[in-house]
Amino acid sequence: MSMKHSYTLRNAIRFNPTGKKYNAIASIASIKEIRQHKEYFEFDFEKLAKEGVIYKICKENDDDIILGLVAVKLSKGVLDCANMETNKINKTPVCLHDGIGKSIIALCCKISFDMGTDGFISFEAKNKLMPYYRRFGAQHLRGLRMFIDTENAKKLVDLYF
């Protein structure tokens, strides 16, 4: 089963200066796009693209600015979300958009359902982000490893898809 090329997440992004909500479009990022946005992300997504698929999150009708990236690959009956990151413009102290992180997690759950792995995703969390992920039903596995099960994945998917 191959990964779907693009997804629409309904009302997933809020532009903070106005409070207006927008649909997010998630699609597979090209190496060219990853290179163009390299300075806005800490992780080396160009390197990660050699090991899996990189999805980008953009506002609908505005794909010039990648708001978030995630590296995904199927691994032993679960979708491994190796790295999830929002664009630097969406981090404190000046956060232009809200909802990017949650959109990335929901996208991963949707891809997992589409790939036949029942919404299960796993990922490594930074210590300070573990409480953030718990808000979406993520559970601690070991070390910094966390996962989201079918029940919590369905809640996220139903919210946006």
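## Two cavities and one helix

Ile-34, His-37, Lys-38, Phe-41, Phe-43, Asp-44, Phe-45, Glu-46 and Leu-69 line the largest cavity (on a 1 Å grid over the protein atoms alone, a set of points where a 1.4 Å probe fits but cannot get out; lining residues have an atom within 4 Å of a point). This is a predicted model, where local features need pLDDT of at least 70 and side-chain atom pairs count only at pLDDT 80 or more, while totals for chains, interfaces and linings use all residues. Residues are numbered from 1 along each chain as its sequence is written, and side-chain values use heavy atoms, leaving out hydrogens and water.

There are two cavities of 30 Å³ or more. A volume here is the space filled by probe spheres set on the grid points, which are joined across faces, edges and corners.

| Cavity | Volume | Lining by class |
|---|---|---|
| Largest | about 50 Å³ | five nonpolar, one polar, three charged |
| Second largest | about 40 Å³ | four nonpolar, one polar, two charged |

Ala, Val, Leu, Ile, Met, Phe, Trp, Tyr, Cys and Pro count as nonpolar, Asp, Glu, Lys and Arg as charged, and the others, Gly among them, as polar.

Around the second largest cavity sit Leu-48, Glu-51, Gly-52, Ala-71, Val-72, Lys-73 and Ala-82. Strand E4 (residues 68-75) gives the most to that lining, three residues; strands (E, at least two residues) and helices (H or I, at least four) are DSSP runs numbered from the N terminus.

Now for helix H5 (residues 150-160): its buried residues (under 20% relative accessible area, 1.4 Å probe, protein chains only) are Asn-152, Ala-153, Leu-156, Val-157 and Tyr-160. Down the axis of H5 they fall within an arc of 135 degrees (taken from the directions from the helix axis to the C-beta atoms), so they line one face of the helix. Glu-151 and Lys-155 are exposed (over 50%) on the face turned away from the buried side.

Methods:
On a 1 Å grid over the protein atoms alone, a cavity is a set of points where a 1.4 Å probe fits but cannot get out, and a pocket is an open set with protein on both sides within 12 Å along at least five of seven lines; lining residues have an atom within 4 Å of a point.
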